[in-house]
Amino acid sequence: MSVLLLIPTAFIAALIDDRANTQEEAIKEVSAKWGETQTIAGPLLSVPYKKYITNKEGSVEEVIVYAHFLPDELNINGEVFPSELTRDIYEVVVYNTELKIDGKFSRPDFSDWDIAAGNIVWADAFVTLGIPDMKGVSESIALKWNGADYQFNPGVKSGDVVASGVSIKVPVSGANNSFSLELNLNGSRELNFAPLGRET
């Protein structure tokens, strides 16, 4: 009798596993179109500088590398608007979020880097905002930097810190450099923030 009772139990367990796998596939399908889990990183301020290395042939080559600086202050405010999308019999929770991000950077200090002042390429400094899934970006992202307006470009100039996101070249001036931006973003499952500011 016990063996006979185990047969329907096994069928039920298999059905549960099948439904769980189908639900996971439904979540992945919806997220792939709407937006995956998002983790906002930054913004970061990057300053390129020249470095000289000796290659295998013994010749000296000039290469460009990047120094990355975190904000002194990073403020993130916003609201998350969750909703449900259906796929077959499954409901998938997604969200849209409207964020306001602002703060300030100190002027990058290279005094401890042992880098000649003439090798720092201040004119090519840029700001990067890390966004894992760019499909979730529903509109262009504007950056206000020291009171002037800039438009972020898709893609990152350096993958040292973040692999995906937006970036824009900015002038670095004065002791403090203020920034602010608004971000309208779609995602699913989770919304995370990297606390990169000295004070976040």
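This note sets out numbered points on the fold, the strand pairing and the largest pocket of a predicted model.

1. Overall composition. The protein contains one helix and eleven strands. Along the sequence the helix comes at the start of the pattern, α-β-β-β-β-β-β-β-β-β-β-β, with the strands following.

2. Burial and surface. Of the 200 residues, 34% count as buried, where buried means under 20% relative accessible area. The exposed surface of the protein amounts to about 11700 Å², and carbon and sulfur atoms supply 53% of that area.

3. Contacts along the chain. When contacts between residues at least 6 apart in sequence are considered, 74% of them join residues at least 24 apart.

4. The hairpin of β1 and β2. Strand β1 covers residues 38-54 and strand β2 covers residues 60-69; the two run antiparallel and are joined by ten bridges. Within this pairing, Ile53 stands opposite Glu61 of β2. Five residues lie between the strands of the hairpin, and Gly58 adopts a positive phi near 90 degrees there.

5. The five-strand sheet. An open sheet is arranged in the order β3-β4-β10-β6-β7, and its pairing is antiparallel. Its edges are formed by β3 (73-87) and β7 (148-151), each of which pairs on one side only. From one strand to the next, the twist averages 15 degrees.

6. The pairing of β4 with β10. In the strand order of the open sheet, β4 is followed by β10. Strand β4 spans residues 90-106 and strand β10 spans residues 176-188; 13 bridges join these antiparallel strands. One position in this pairing may be checked directly in the structure: Asn96 stands opposite Asn186 in β10.

7. The largest pocket. This pocket holds about 240 Å³ of space. Its lining consists of 16 residues, of which Leu99, Ala142, Leu181, Glu182 and Leu183 are the closest to the pocket centre.

8. Origin of the lining. Which strands each supply at least two residues of the lining of the largest pocket? They are β4, β6 (142-145), β7 and β10. Strand β10 gives the most, with five residues. These four strands also appear in the order of the open sheet, β3-β4-β10-β6-β7. The sheet and the pocket may therefore be viewed together, with β10 both joined to β4 by 13 bridges and giving the most residues to the pocket lining.

How values were computed
Residues are numbered from 1 along each chain as its sequence is written. This is a predicted model: local features need pLDDT of at least 70, side-chain atom pairs count only at pLDDT 80 or more; totals for chains, interfaces and linings use all residues. Side-chain values use heavy atoms; hydrogens and water are left out. Two strands pair if DSSP finds at least two bridges between them. Axes are lines fitted to C-alpha atoms, for helices over the stretch in contact, and angles run from 0 to 180 degrees between N-to-C directions. Buried means under 20% relative accessible area, exposed over 50%, partly exposed in between (1.4 Å probe, protein chains only). Contact means heavy atoms within 4.5 Å. Accessible areas come from the Shrake-Rupley method with a 1.4 Å probe; for residues, only the protein chains shown count as cover. On a 1 Å grid over the protein atoms alone, a cavity is a set of points where a 1.4 Å probe fits but cannot get out, and a pocket is an open set with protein on both sides within 12 Å along at least five of seven lines; lining residues have an atom within 4 Å of a point. Grid points are joined across faces, edges and corners, and a volume is the space filled by probe spheres set on the points.
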